[in-house]
Amino acid sequence: MSKKNPEYDFKWCPGCGDFGVRRALEFAMIDRLEETGLPIENNVVVAGIGCSGNLVHLLEGSQPYGFHGIHGRSLPISMGVKMGRPDLNVVVVAGDGDFLSIGGEHIAPQAARNLNICAVVMDNGVYGLTKGQSSPTTKLGVVTSSTPFGKMENEADPLELYLTMGVSFIASGFSGNPRQLAGLIKEGMNHQGFSMVHVQSPCVTYNDTYELLKGKPKEGIEPLVWDIPEDHKPNDKAAAYNLIQKRGLPIGVIYKDESRPSLDQRIEDIWGKAKEQTPQQLIDAYEF
Amino acid sequence: MQMRDFVVRFAGEGGQGVVTSAEGLAQASTQVGYHALTYATFPSQIMGGPTWTQARISDEPILSAGDDVDVLVAFNREAYETHASEVREGGVIIYNSDDKEFENFAPTDGSKSFGLPIDELARSTGNNRSANMVVMGALAHLVNMPQEYLDDFVDERFSRGRSNDAEIISSNKQAMSLGRNHTSDSGLTLGDLAPPKKPENKQLMIKGNDALCLGAVAAGLNFYIGYPISPATTILIWMERNLVGPGKFAYQVSSEIESITGLLGGGFAGRKAMTATAGPGFSLMSEGLGLAWMSEIPLVVVDVQRGGPATGLPTKTEQSDLFSCMYPAHGDVKLPVIAVGTVEEAFQGAIWALNWAERYQGPVILMTEMAIAERVQNIAKPDLSEFKIENRKVYEGNNGYHRYEGFELSPMPIPGGPGAYVANGSEHDEMGDTTHLPERHIQMTERRFSKLKLLEDGFYESENTDSSIAVMSWGGSKGPSQEAYAQLREQGMDISWYYTMFLNPLPPQLLEELRNKDLVIVPELNYQGQFSSILRSENVKAKSITQYTGLPFKVRHLVQKISEMAQASEKATVKS
């Protein structure tokens, strides 16, 4: 939405982490425009369902294309867009419920294909839009509207999940630092393959984790988030794994494997193996 | 006795050459100018398992697989026991007497069964792979087909520019003679097949699913995503082999949910996108199809029907997905549906489906069925210059465009170009932003339905239209219904014939004509009478002849049923 649309009545709660993610994505797209000269219409934002997916309508300024589809299917939609037009920059925006629960089945195949898109997941550990049910990243035992006696499942560890599924670029970010996050998203966009930018984006209404994430240094409470040290080698899978096991949430690029071809490159590679024929030639082959 | 056509059924174990024998016979016959059609059931296991294929050979174009079996070729004992009863009075059964199951075998119907030592005769030519030719020689004798036809076929087929061509041709011809002579010694014969009337047009020998693929690429298909499922898998395989090169994409994904949502992305990005599936996969695509309707994305989904529901009968034929195809998703949705009834129509239908999708900017369902998908038939070679290919109207103005403005179809912006918008599965305003206003939901709902009016150009067949009673089948029941109609007309019955592959929207003129009938009889392969039910909702006095055996209609059955229903209707009319 380039200017206020009176008919559009969705609002994020004041203080929602998703505001910061929106800023970061806008920064990243504008940077890309300035660097490549490609117009903003060269970007496609594919959104999941939930508070986070509404980001696609709330982008300010010059408008990219958007696809606000159905619950859980942002990844395969983005695959269609990218493989239909490999020249486009395709970004997925989705929440932890949409991406990791109903959409969970689509992560591993995209990782195996190394689909060249960037997925930005806004993790708030709760289903916000449906008013506070437990999500895959809600902690074990937490009472929510759908877990009156405490959550019965162990929480997912998304970063570890992405690493074991073979995602070729994994970054971890925090909505409280949009500039830093923009850098991670941009690096993800530039990565030739499947890039995941997993963002802590707190829900102020149902699961306010700002204090936990930022800590209270004055009171001696350590923040959960910490910047990945500069000497970390993202191409070292074991190092990436060790980083994830450490206490709290590392912020930065965790893993990056640039050796694998992306799906669009793999498709180009088979062109030489097959004989391209016109419809007429294909028909002629059945003549007797 | 002169014969116009004959049906041979090959039955045995998967891997015994059942399908290749039938297709070989069909090829040999078409090569010399006959028409041929095969009807196959394939086993639902990888290796072995009972299977059969039949070929119908005729001197004129063939409409159905044929009611009766004139000759059964039984490769094993089980096949003999299962299919012997389907051989018509006066028909012949050839069984492979070299198969050890037939040791000490004494057929109870002695006169019409005889053992042919297929393997031994083939071996004696020095070419073990000539067993098919032994059988073909036997069949040629039964219908008195001139040897030179078969010789021509062998020359053609085995002249492959290899050093041993002559040797192979000679052993195959020898195998044929051995089969022929051996059968001649048995004293069995069926009659004289009428000489072929070579079709004037160039012909293709092609499987239904392949014809559909050709139609799709002829219409400019450049984006295909699929997931393996019988009987649609052959379309995926064809596309992966042939839809290659710059600007083309054919790809197997991890589920039908990925197929349909991937297709949505491709259609949105400007591609002509298609997938093919069968019942279970189609059910998984439900939500995605609703999204395509809502966000106005052109794409085509092919449903190759098999028996349902759930896993149902994966390798049998049925026409029970019509409701699902027309109303695949929740909410106010009614998708355009084209249902093909023949191999030629599989080619044409694919072109129409892609054209319609591009024209009205939305999803189109192309229905076919197992019995057409797997059928190999000779068809007139299509002339591409006769088909108009349509492309969507693309928006070429400036940014700030309202993609969903008004009730009319609006040009579609393509990512990368001007007119960025949000394709939205939520109810949306003209720029694609989510809205909840009642007046907007009214406008957008009406907009989506009004676009169907752009698709009222489908054609239809009609004959003897003055009668108050009509037969109108759909899809693959067209062939048997048409044969039944022809027989009834020959018997002097006054009855009309209607047929169209455009089931939604129905051609308005056709609907008008149908509404004027006292009775429209609809042969269809499902329990509920799905098409007649849809016709009744359109104020047509329609009644179904249903069948849900997993097999196609027999013409004889339809002739009897249609007569009964027509008579009952006439009596009712007289009374009132």
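**Questions on chains A and B of a predicted model**

Biologist: Why is Glu296(B) called buried?

Modeller: Glu296(B) has 24 C-beta neighbours inside 10 Å, and a residue is called buried if 20 or more other C-beta atoms, placed from the backbone, lie within 10 Å of its own (exposed if 12 or fewer, partly exposed in between), so Glu296(B) counts as buried. This is a predicted model, in which local features need pLDDT of at least 70 and side-chain atom pairs count only at pLDDT 80 or more, while totals for chains, interfaces and linings use all residues. Residues are numbered from 1 along each chain as its sequence is written, and chains are lettered from A in the order in which they are written.

Biologist: What makes the backbone of Glu296(B) worth pointing out?

Modeller: Its phi is positive, about 60°, although Glu296(B) is not a glycine, whereas most residues other than glycine have a negative phi. Glu296(B) sits in the loop between α11 (286-295) and β13 (299-305) of chain B, where helices (H or I, at least four residues) and strands (E, at least two) are DSSP runs, numbered from the N terminus.

Biologist: And how do you know whether Gln361(B) is buried or exposed?

Modeller: Because 22 other C-beta atoms lie within 10 Å of Gln361(B), that residue is buried. Gln361(B) also has a positive phi, near 55°, and belongs to the loop between α13 (343-360) and β15 (363-369) of chain B.

Biologist: Which peptide bond before Pro231(B) is called cis, and where does that proline lie?

Modeller: The bond from Ser230(B) to Pro231(B) is cis, with omega near -5°, and Pro231(B) lies in the loop between β10 (223-226) and α8 (233-242) of chain B. Another cis bond, with omega about -10°, joins Asn504(B) and Pro505(B), and Pro505(B) is in the loop between β21 (502-504) and α17 (508-515).

Biologist: What makes up the contact between chains A and B?

Modeller: The contact takes 56 residues from chain B and 46 residues from chain A, two residues being in contact if their C-beta atoms, placed from the backbone, lie within 7 Å. On the side of chain B that touches chain A, α9(B) gives the largest share, nine residues.

Biologist: How do you know that β2 of chain A pairs with β17(B)?

Modeller: Two strands pair if DSSP finds at least two bridges between them, and three bridges join β2 (residues 65-68) of chain A to β17(B), the two running parallel, so they count as paired. Within this pairing, Phe67(A) stands opposite Ala423(B).
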